[in-house]
Amino acid sequence: MTPSPGASADNGGHPSNQPVSSRELTRVAWLLDFSRRAFGLPLTEPLTPLVSQAVRSVCQSEVGAFWQTRQLATDASPVFAAAGQAAPAEWLAQLGTTLLAGAVRKGQQTAWELSGAELVDISPACHLTRAVAFPCCDSSGQVMALLLAGNTQTVCDAAAAHPNDTSNALSLLAQQVTAVLENRKERHLLAREAHNARTAEERQSLVLRGSGIGWWNIQLRDLHAQFSDTWWTLLGREPHAALFDPGSWEKLVHPEDLERVTAVLTRALRGTDSQCESHFRVHHSAGHYLHVLARASILRDARGNPTRFAGTLVDLTDCKKAEDQMRKLAFFDPLTNLPNRRMMLDRLLNSLKQSSRTHRHGALMVLDLDRFKQLNDTRGHDVGDVLLKQVGDRLTGSVRECDTVARLGGDEYVVILEHLDADAGKAANDAIAFGNKLLHILGAPYYLEGPDLPFSMGTSMGIALFNGKEAADTLLRQADVALYRAKDAGRHTVRLFDEAAQRQVDARLAMEDGLRRALNSNEFHLDYQPLVDLAGQVIGAEALLRWTPTEGLDRGLTVPPNEFIPLAETNGLILPIGRWVIAAACRQLAQWQAGPETASLVLSINVSARQFQDAAFVDDVRDALALSGAHPAGLKIELTEAVVMGNEPQTLDCMNRLKALGVKLSLDDFGTGYSSLARLQRLPLDEIKIDRSFVCSGPPGGTDALIVSAILAMSRSLDLSVVAEGVETQQQLDRLTIQGCTLFQGYLFGSPSIAGRVMAQH
Ligand code: C2E
Ligand code: MG
Ligand code: MG
């Protein structure tokens, strides 16, 4: 039975005439009708009018009203509604507020009949005469709402329902209303939660979209999949719903990455992990591949089987670009775009490994442009840069794909050749031939400043062969040694490193190390070779430097000065070594001068050009003399032609200052240089020493003999003493004596030896 409001109105007018059973039946019908409607009422529609109407119908009263506490009001539901023609809403609203507040305060649980001040006018013409109120309480007993069924004076005089009956009816309705309220409360909460969840999801998806991160979510049971719009956009596709298809996904992954990605996924899904990630390339609809990072979460059921597979996809294009840029800066030369030193070393290591595997040789070629600095200085750096680029292009265009061309900086390039012959000889020949071909290509004219201005330039190249057993830095050193030899050989040429050249370099390096130690380790001493007169009398000696290393391969062996002095000159060590010689010689001289028998001996020391040019040289001599107490007249300084023929005013000044100290000056190895007589005349020399080469060789009357005679004649006219060096035989002595020579030095009179032996001969 479905009652209608119309029926209610009819019945409401004459309720007392109905038999009780019928009344109750109607009430149940209205209750059912209310339940059905109230439970089905959307939250967006107000409940209060429906309840107030139900009060009237169920209680068959003239006025029905319903109030809710504000806390329970859903957005759509006003807190109050009244039904009944004689009941203007605002009058009742006020009453309800008072009643509800009282009920809440008292914790009223049951119905009560209104009395006294509670029976108010509900309109100007209408006064409540009989009314019953009933609170709706939640499970904790809190008042949520209040129902009121009432009659006014007009109808009360007729037959109104008895208050007990009304209370019963209200009680039944209140139960229903409470259930509805609870239900609406539940639904409201659920709706709010759903709303919140939706908002969160939207927010998340918005964030992900803004950050360029796509997401996916796959139910593994049925492969039902969701992909975010960004996920599709990343791949250059229109967003659409799709079932997850492993086959088409595999087609999207770059073939080179597929195996690795599949392995990561399989391991993650089969294992127990809840997370996995992989970096790979996916196909973009535009045809290229994108670098992406996929991070996935795996949800599992109670037995550990994966049920859901979801995650994010990040486009790494920008990252990759930045990384590429960094890589480029770190490993490539920005001017030529060729690999730089670091990259070259990396490639060299690979080539060495490769060579060791294949047993085939490779070659490391170091190239240096001849006189590039000159071009840079005269035509400017821009032109220099153009040349460097063109050289790079020519080299790159001339080698095979497997070979490497790198620029080490400046005008230095490296080419690494791989896969040369297994036979070392053949590999060397091929490398040299290819090296020459490269030099030919690089030697062709460059047009750096326009087609009318050709520029030609040579290149020197050093090659070191390898077969995988060598260390990279050794190879680079070897190629450098070969490069220097190419330059020494006159540039624009190729040289292959060979062991003998390397041994020389090694020995030189070892000697240099040794020399640095030698002074502190007391490894130097002076030997003295006597200088004799016509009568064979020792009148002086020459101090000759000796080095006996205490460490290294030459330990204990005396190294001849001709081997280490040139090296000491190039690295500057000759200065401290020379100072040591002067000091040691002066000490010896002072000792001789202290002995009556040796007091007149003159001691010669040798001085190299580098020492002589040193501004402190004269002071060093003066200090050494002063410190030792030796008389300057006993000291003779031997200079070579190369020294005295240098910078004239400075040389002359230095010689004059030495002379001023009181020391003697001698010109050593005379005849081997280009001293002119006129020049000699201007120098404050005391003596010249005829070089051994004129003394020891040649027949009497030959060229050498004539030269000796000329030197003697010239010296006499310049008032210079002449010493003949390297006299080894009586025959030589006789000839020199006949020619007029009066002073001699040589093995015939004594080899260089310790000072004591010179004294013994004296
Ligand atoms: P030098 O000044 O012409 O010295 C003479 C060289 O001839 C010495 O060689 C000496 O041992 C050698 N000699 C002497 N008599 C004979 C002989 O009869 N036959 C032959 N074959 N050789 C003879 P040493 O000691 O090897 O010195 C070589 C050169 O090293 C010296 O030539 C000198 O230029 C340089 N030197 C030696 N000591 C010093 C030094 O303290 N300072 C500098 N700057 N150079 C030095
Ligand atoms: Mg000498
Ligand atoms: Mg000499």
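Eight strands close into a barrel here, in the order β20-β21-β22-β23-β24-β25-β26-β27, with mixed pairing. Keep in mind that this is a predicted model. Below is a quick tour of the barrel, the magnesium site and ligand 1.

**The barrel**
- Strand β20 (residues 524-533) is joined to strand β27 (residues 743-744) by two bridges, and these strands run antiparallel.
- If you want to spot that pairing, look for V532, which stands opposite F744 in β27.
- Helix α18 (residues 574-594) lies across β20, β21 (538-547), β22 (602-606) and β23 (635-640), and it runs at about 55 degrees to β20.

**The magnesium site**
- The magnesium ion (ligand 3) gets its protein donors from D668 (OD), D669 (OD) and E725, which appears twice (OE and OE), at 2.1 to 2.5 Å from the ion.
- Along the chain, those donors follow the spacing D-D-x55-E.
- D668 and E725 come from distant parts of the chain, 57 residues apart: D668 sits in strand β24 (residues 664-670), while E725 is in the loop between β26 (721-724) and α26 (730-739).
- D668 does a bit extra by bridging the magnesium ion (ligand 3) and the magnesium ion (ligand 2), which lie 3.9 Å apart.
- Both D668 and E725 are buried.

**Around ligand 1**
- Ligand 1 is surrounded by 24 residues, and the closest are Q529, N606, D668, R692 and E728.
- On the backbone side, a polar atom of L545 is 3.1 Å from a nitrogen atom of ligand 1, and a backbone N or O atom of S608 lies 3.4 Å from a nitrogen atom of ligand 1.
- E725 turns up again here: an N or O atom in its side chain is 3.2 Å from an oxygen atom of ligand 1.

Conventions: Residues are numbered from 1 along each chain as its sequence is written. Chains are lettered from A and ligands numbered from 1 in the order in which they are written. This is a predicted model: local features need pLDDT of at least 70, side-chain atom pairs count only at pLDDT 80 or more; totals for chains, interfaces and linings use all residues. Side-chain values use heavy atoms; hydrogens and water are left out. Donors are N, O and S atoms within 2.8 Å of the metal (3.2 Å for Na, K and Ca); water is not among the atoms, so sites may look incomplete. Helices (H or I, at least four residues) and strands (E, at least two) are DSSP runs, numbered from the N terminus. Buried means under 20% relative accessible area, exposed over 50%, partly exposed in between (1.4 Å probe, protein chains only). Two strands pair if DSSP finds at least two bridges between them. Contact means heavy atoms within 4.5 Å. Axes are lines fitted to C-alpha atoms, for helices over the stretch in contact, and angles run from 0 to 180 degrees between N-to-C directions. A residue is near a molecule or strand if one of its heavy atoms lies within 4 Å of it. A polar contact is a pair of N or O atoms within 3.5 Å; within protein, one must be able to donate a hydrogen and the other to accept it, and residues adjacent in sequence count only if both atoms are side-chain atoms.
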